Amino acid sequence: MKQTIEEFLAQDEQKELLRLLTAGSVDDGKSTLIGRLLYDSKRLYDDQLQALERDSRRVGNAGGGIDYALLCDGLKAEREQGITIDVAYRYFATSRRKFIIADTPGHEQYTRNMITGGSTANLAIILVDARHGILTQTRRHSYLVSLLGIKHIILAVNKMDAVGYSQEVFENIATSYRSWLATQQFTIADLQVIPISALCGDNVVERSESMSWYSGPTLLDYLETVPTQSDYNLDSFRFAVQYVQRPNQNFRGFSGKISSGIIRVGDSVTALPSGKQSTVKSIVTYDGDLEYAFAPQSVTITLSDEIDLSRGDMLVLSAQPRPQIGHNLTAMMVWMDEQPLDSSKHFYLKHTTNSVRAKVSEIYYRVDINTAEHIPANTLSLNEIAKVCITTAEPIFCDPYTENRQTGAFIVIDPITNFTSSVGMVIELSDNGCLKKEVVNISLKQLGIDVSHSKVIALLCKELERRCGITINCTE
Amino acid sequence: MENYSLSHLRALEAEAIHIIREVAAEFSNPVMLYSIGKDSSVMVRLAEKAFYPGKVPFPLMHIDSKWKFREMIEFRDTYARNHGWDLIVEYNREAYEAGVGPFTHGSRVHTDLMKTQALLAALKKHGFDAAFGGARRDEEKSRAKERIFSFRNAFQQWDPKNQRPELWDIYNTRIGAGESIRVFPLSNWTETDIWQYIRLEKIPIVPLYYAAERAVVEINGNLIMVDDERMPLELRNKAQLRRVRFRTLGCYPLTGAIESDADTIEKIVEEMMVTTRSERTTRVIDFDQEGSMEQKKREGYF
């Protein structure tokens with residue numbers, strides 16, 4: 001039976017939203033894949049296609065065929081240099097979901113952009129070229145995706161057409177990736193490996209006729225059906241007060257976006273940092289009052305008591321464990337600024353709706369993003385990632401990033417340039433000062449170990465540092 | 001049973017409201033730029049939602065190029081009055097008095113003087129430190145790369161290669177003297193989302209979006225409506241009555257109509273879902289030169 005347009009719209013308005021990140025370089029066929037998704041899901045208009053065909057002939061790299069990559073290279077400077085400079089956002093929808101793609105380049109110098117593009121993603125597609133298998137950049141992307149707390153990963157083994165659609169090649173890549181992951185400190189919650197050819201359209205939208213040995217979902221099938229409900233933390237209610245509404249003497253409402261959890265009228269809530277308690281009187285929206293609200297809704301909450309509460313403060317459920325509170329924040333930090341970190345300098349740290357003065361007190365180690373190894377460091381430069389301890393001028397309240405991507409995240413702003421110098425993900429918070437970096441000095445001679453063993457000992461020390469974060473200076 | 005998942009439209013709405021409130025909380029003198037188009041209409045409704053039951057704490061500003069459709073101006077004044085908005089209207093008086101217009105000066109000069117320069121002067125005159133715009137990332141390639149909070153230096157210019165990283169929903173709102181931020185709460189909306197939301201929320205829009213019999217002239221493949229007698233007589237003489245509507249609205253000589261029977265929102269959405277041309281094809285200014293939108297944005301155009 002034919003649907004009326006009204007029925008169709010009523011249904012279409014209920015689609016879910018999925019945010020995804022694509023990681024890989026132009027050589028992996030990333031832009032071709034995105035172009036293919038847009039093309040096959042009919043998100044390209046005739047005039048865009050005409051422009052694409054015209055540009056493909058003029059500046060394309062697809063030998064006269066349609067160069068889907070040109071769809072994604074928007075800025076003039078990029079066309080000249082043939083690289084993607086920054087995060088670009090693409091949109092497409094199917095009958096089941098609306099998708100927001102954060103398209104980021106795979107070059108090493110652009111870790112910053114991948115981090116930017118991936119911060120809100122539910123899912124990441126990591127592309128590998130079937131001819132080359134798992135490369136350094138695959139490992140780097142996997143580490144970054146895990147650092148960002150993205151739960152669902154698709155390892156898309158692309159260019160299957162170039163390896164004769166070989167099941168063996170595919171299985172080898174899948175197996176070597178899984179066994180490499182097993183040796184890593186970081187974890188990926190949900191991994192799906194899919195053999196595709198973006199160029200020929202195999203297993204992207206349409207099931208491949210050349211890979212009958214593959215019985216799993218196509219890329220789009222998976223994007224449409226992967227459950228994302230559990231990606232939002234609905235356990236612990238966290239509400240950062242963003243704006244206080246006082247239209248008249250009788251109304252005082254606290255507006256904000258629910259970071260996590262669920263709130264109901266009548267719930268007992270605690271204000272932080274004051275610790276004062278009250279109950280939820282109403283949950284107000286333009287469309288009428290609500291009985292309950294949940295993350296990530298934007299609402300206005302009124303309370304039964306006149307308690308002191310302003311922007312930057314947080315409401316939590318009295319019955320639930322509170323977030324951690326303290327001055328000393330241990331976190332993974334990604335340096336995003338051309339100017340390296342100056343540990344003597346004070347910064348602004350913005351966390352939820354709260355801004356405080358802060359400084360980096362300790363750098364425990366830097367992470368080599370290609371190998372996930374820990375390296376001693378005294379400063380941080382652009383694109384470097386480190387475990388640090390930050391001291392804030394006033395106590396802040398947050399949750400570990402792995403538990404809460406909203407209240408566990410912060411940005412660091414340079415007070416002179418106002419640039420976003422760095423971003424961070426909270427590991428833990430305390431009020432006991434920053435733990436000092438553990439550096440152990442050992443001398444082989446003093447321990448009576450022959451210098452001929454120094455190479456082995458040095459390797460062992462390196463491994464201890466990687467696994468335990470203890471820096472050992474080993475001298476002969 | 002309680003449901004804890006948001007539809008894509010409600011998720012986009014929650015994101016936009018959060019962005020709008022963040023600006024109101026962190027800037028001392030924000031303004032919402034109002035183009036009277038469908039995107040602006042959605043943005044304005046989102047602002048009303050963000051501060052309900054209170055009043056929106058910033059004004060609307062329309063940069064009048066003096067060549068807008070007359071129906072747009074009527075709609076603007078009625079809407080602002082009915083919804084209690086504080087409305088500022090600014091235009092480039094000098095250029096207007098010199099008679100600048102698209103028919104006599106071409107689209108490039110007209111757009112630069114009556115839109116870009118007028119906007120820059122108005123922002124400076126009022127000392128606004130943040131300005132909301134209704135631009136969407138799916139509209140055009142250079143917009144796809146722009147941040148939601150987009151920094152402008154003291155010359156109001158956008159530097160695409162040196163954008164501030166923007167992560168999660170934590171926005172960097174810090175600026176120096178003379179600098180400003182353009183804010184795009186609809187960044188993640190598509191044209192389909194806009195229409196679906198207008199339908200869902202029953203948001204009033206300018207009637208020109210609906211199909212009706214209108215007098216139009218075909219100029220360089222675009223159907224241009226005869227909105228007043230400033231259109232040269234030799235063009236006006238070629239006018240024909242056709243059943244048309246507009247997918248985007250701007251200066252009437254620079255905005256092409258499409259032939260259509262869609263006279264309800266439902267029909268518009270239905271038409272859009274089967275359409276084969278993107279909405280910007282009806283905007284004449286984009287075709288000036290390759291990368292022309294990027295160029296205009298660097299110069300300060302929205």
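Modeller: Before we start, a salt bridge here means a side-chain nitrogen of Lys or Arg within 4 Å of a carboxyl oxygen of Asp or Glu. Also keep in mind that this is a predicted model.

Biologist: Fine. So how many salt bridges are there between chain A and chain B?

Modeller: The count between the two chains is ten salt bridges. One of them pairs the side chains of B:Glu26 and A:Arg311, with 2.8 Å from N to O.

Biologist: And what about polar contact across the interface, how many residue pairs?

Modeller: The rule finds 34 residue pairs in polar contact between chain A and chain B, both residues being at pLDDT 80 or more.

Biologist: Which helix gives the most to the side of chain A that touches chain B?

Modeller: That's helix α1 of chain A, residues 5-12, with six residues. Taken as a whole, that side of chain A splits into 39 nonpolar, 24 polar and 24 charged residues.

Biologist: OK, zooming out. How many residues does each chain put into the contact?

Modeller: Chain A brings 87 residues and chain B brings 77.

Biologist: What's the area buried between them?

Modeller: About 7100 Å², and carbon and sulfur atoms give 55% of that.

Biologist: Back to α1(A). At what angle do the axes of α1(A) and α8 of chain B cross?

Modeller: Roughly 75°, and the axes come within 10 Å. The α8 helix of chain B covers residues 265-274. Angles of 65 to 115 degrees count as roughly perpendicular, so α1(A) and α8(B) are roughly perpendicular to each other.

Biologist: Which residues meet there?

Modeller: From α1(A) you have A:Ile5, A:Glu6, A:Phe8, A:Leu9 and A:Asp12. On the α8(B) side they meet B:Glu266, B:Val269, B:Glu270 and B:Met273. By class, this contact has five nonpolar, four charged and no polar residues.

Biologist: Changing topic: which peptide bond in chain A is cis?

Modeller: The bond from A:Ala295 to A:Pro296 is cis, with omega near 0°. A:Pro296 sits in the loop between β13 (292-294) and β14 (298-303) of chain A.

Biologist: And in chain B, what does a cis bond join?

Modeller: B:Tyr52 and B:Pro53, with omega about 0°. B:Pro53 is in the loop between α2 (38-51) and β2 (60-63) of chain B.

Biologist: Last one: which residue has a positive phi although it is not a glycine?

Modeller: B:Ile36, at about 75°. You'll find B:Ile36 in the loop between β1 (30-33) and α2 of chain B.

Technical notes
Residues numbered from 1 in each chain as written. Chains lettered and ligands numbered in written order. Predicted model: local features only at pLDDT ≥ 70, side-chain atom pairs only at ≥ 80, totals over all residues. Heavy atoms only, no water. Contact = heavy atoms within 4.5 Å. Buried area = accessible area lost by both parts, 1.4 Å probe. Polar contact = N/O pair within 3.5 Å; in protein donor to acceptor, adjacent residues only side chain to side chain. Helix = DSSP H or I, 4+ residues; strand = E, 2+ residues; numbered from the N terminus. Nonpolar A, V, L, I, M, F, W, Y, C, P; charged D, E, K, R; others polar. Axes fitted to C-alpha atoms, helices over the stretch in contact; angles between N-to-C directions. Parallel < 35°, antiparallel > 145°, perpendicular 65-115°, else oblique.
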